[in-house]
Amino acid sequence: MMENTRVCKSTEDFCAICLDKIQEKKTLKCCHSFCSACIDSVFKCKPACPICNTYHGEYTGTQPEGSMTVMRNWQGLPGFEHCGSIVIQYSFPAGIQGPEHPNPGVRYSGTSRTAFLPANEEGEKVLKLLRKAFDRRVIFTVGRSVTTGLNNVITWNDIHHKTNMEGGPQCFGYPDPKYLSRVQEELRLKGVTHDD
């Protein structure tokens, strides 16, 4: 049986961060190399390779305190009529922004959001990833709402959810055959995978 190992071959002599010749070379598991001081500095903000965005460690976001509740519904979703649905309820009370937010000390308003997944094998996998992402505080953040233009509100953090059962992608609903694979890729970009 052949072992699956990744061989890193680097022909790059320059650091993609400082754009200078690499000093005290550090090669990541994704095979990209940087100056040791440069990559250590980047990892203080986000433990991901600046070239390919592969995470090296666990990333914790700036999501405020809240809750994630999961319920089951017998009603199927368009495109997934053969199974029921998973209903996720996110709830956040109003609060005060912390030092990790854009305006520390300023109030933000509370909110609640409902999202839907098909209750099939792939939907269950996505649910586990969303739970992990919620626990790592990466699903929501505090900032400016793209839809309303309001500042100091709880907003989605680039992990798209289906907030309607139907209406297709233009209404944030189903059917949308590629949604489950897209959201898994969005979660991977936040460092949330089945492997970690």
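Which residues of the largest nonpolar core touch the most other members? In this predicted model, they are Ile88, Tyr90, Leu117, Leu130, Ile139, Ile159 and Leu187, and the core holds 32 residues. At least two of its residues are supplied by each of strand E4 (85-92), strand E7 (111-118), helix H2 (121-135), strand E8 (140-143) and helix H3 (179-189). Helix H2 contributes the largest share of this core, with 6 residues. In soluble globular proteins, nonpolar side chains tend to be buried together.

Leu130 illustrates how the core is connected. With its neighbours within four places in sequence left aside, Leu130 is in contact with Met68, Ile88, Tyr90, Leu117, Ile139, Ile159, His161 and Leu187. Another core, of 9 residues, lies apart from the largest one, and its members include Cys15, Cys30, Cys35 and Cys38.

**Overall architecture**

The protein chain comprises 196 residues, of which 40% count as buried. It contains 3 helices and 9 strands, and from the N terminus the elements follow the order β-β-α-β-β-β-β-β-α-β-β-α. The C-alpha trace spans about 55 × 55 × 25 Å along its principal axes. Among contacts with a separation of 6 or more, 49% are between residues 24 or more positions apart.

**Cysteines**

How many disulfides does the structure hold? The number is 0. For Cys49, the nearest cysteine sulfur is that of Cys30, at 3.7 Å, and Cys49 is in no disulfide. The cut-off for a disulfide is a pair of sulfur atoms within 2.5 Å, and the pair Cys49 and Cys30 therefore does not qualify at a distance of 3.7 Å. Cys49 is buried, with a relative accessible area of 2%. Cys83 is likewise assigned as buried, and its relative accessible area is 11%.

**Pockets**

Rolling a probe the size of a water molecule over the atoms shows where empty space is left. The two pockets listed below are described by volume, lining and the residues closest to the centre.

| Pocket | Volume | Lining residues | Nearest the centre |
|---|---|---|---|
| Largest | about 440 Å³ | 14 residues | Arg113, Val146, Thr147, Trp156 and Phe172 |
| Second largest | about 230 Å³ | 12 residues | Lys29, Thr54, Tyr55, Gly191 and Thr193 |

The lining of the largest pocket divides into 5 nonpolar, 6 polar and 3 charged residues. Strand E9 (residues 153-156) provides the largest share of that lining, with 3 residues. For the second largest pocket, the lining consists of 1 nonpolar, 5 polar and 6 charged residues.

**The segment before E1 and the start of H1**

Glu24 is located in the segment before strand E1 (25-27). Although Glu24 is not a glycine, its phi is positive, at about 50 degrees. Is Glu24 buried or exposed? Glu24 is exposed, with a relative accessible area of 66%, a value above the 50% that sets the lower limit for exposed residues.

Glu24 is also a contact partner of Ser36, together with Gln23 and Lys26, when the neighbours of Ser36 within four places in sequence are left aside. Ser36 belongs to helix H1 (residues 36-45). In contrast to the exposed Glu24, Ser36 is buried, with a relative accessible area of 16%.

**Loop residues**

Where does Thr60 lie? Its place is in the loop between H1 and strand E3 (67-73). Thr60 counts as partly exposed because its relative accessibility of 45% falls between the limits of 20% and 50%. Residues up to four places away in sequence not being counted, Thr60 touches Arg136, Arg137 and Val138. Thr60 and Val138 are separated by 78 residues in sequence, while their C-alpha atoms are 6.6 Å apart in space.

Two further loop residues have backbone features that merit separate mention. Asn152 is placed in the loop between E8 and E9. Phi of Asn152 is positive, near 60 degrees, in a residue other than glycine. Pro175 lies in the loop between E9 and H3. The peptide bond from Tyr174 to Pro175 is cis, with omega near 5 degrees.

Conventions: Residues are numbered from 1 along each chain as its sequence is written. This is a predicted model: local features need pLDDT of at least 70, side-chain atom pairs count only at pLDDT 80 or more; totals for chains, interfaces and linings use all residues. Side-chain values use heavy atoms; hydrogens and water are left out. Helices (H or I, at least four residues) and strands (E, at least two) are DSSP runs, numbered from the N terminus. Buried means under 20% relative accessible area, exposed over 50%, partly exposed in between (1.4 Å probe, protein chains only). Contact means heavy atoms within 4.5 Å. On a 1 Å grid over the protein atoms alone, a cavity is a set of points where a 1.4 Å probe fits but cannot get out, and a pocket is an open set with protein on both sides within 12 Å along at least five of seven lines; lining residues have an atom within 4 Å of a point. Grid points are joined across faces, edges and corners, and a volume is the space filled by probe spheres set on the points. Ala, Val, Leu, Ile, Met, Phe, Trp, Tyr, Cys and Pro count as nonpolar, Asp, Glu, Lys and Arg as charged, and the others, Gly among them, as polar. A nonpolar core is a set of buried Ala, Val, Leu, Ile, Met, Phe, Trp, Tyr and Cys residues joined through side-chain atoms within 4.5 Å.
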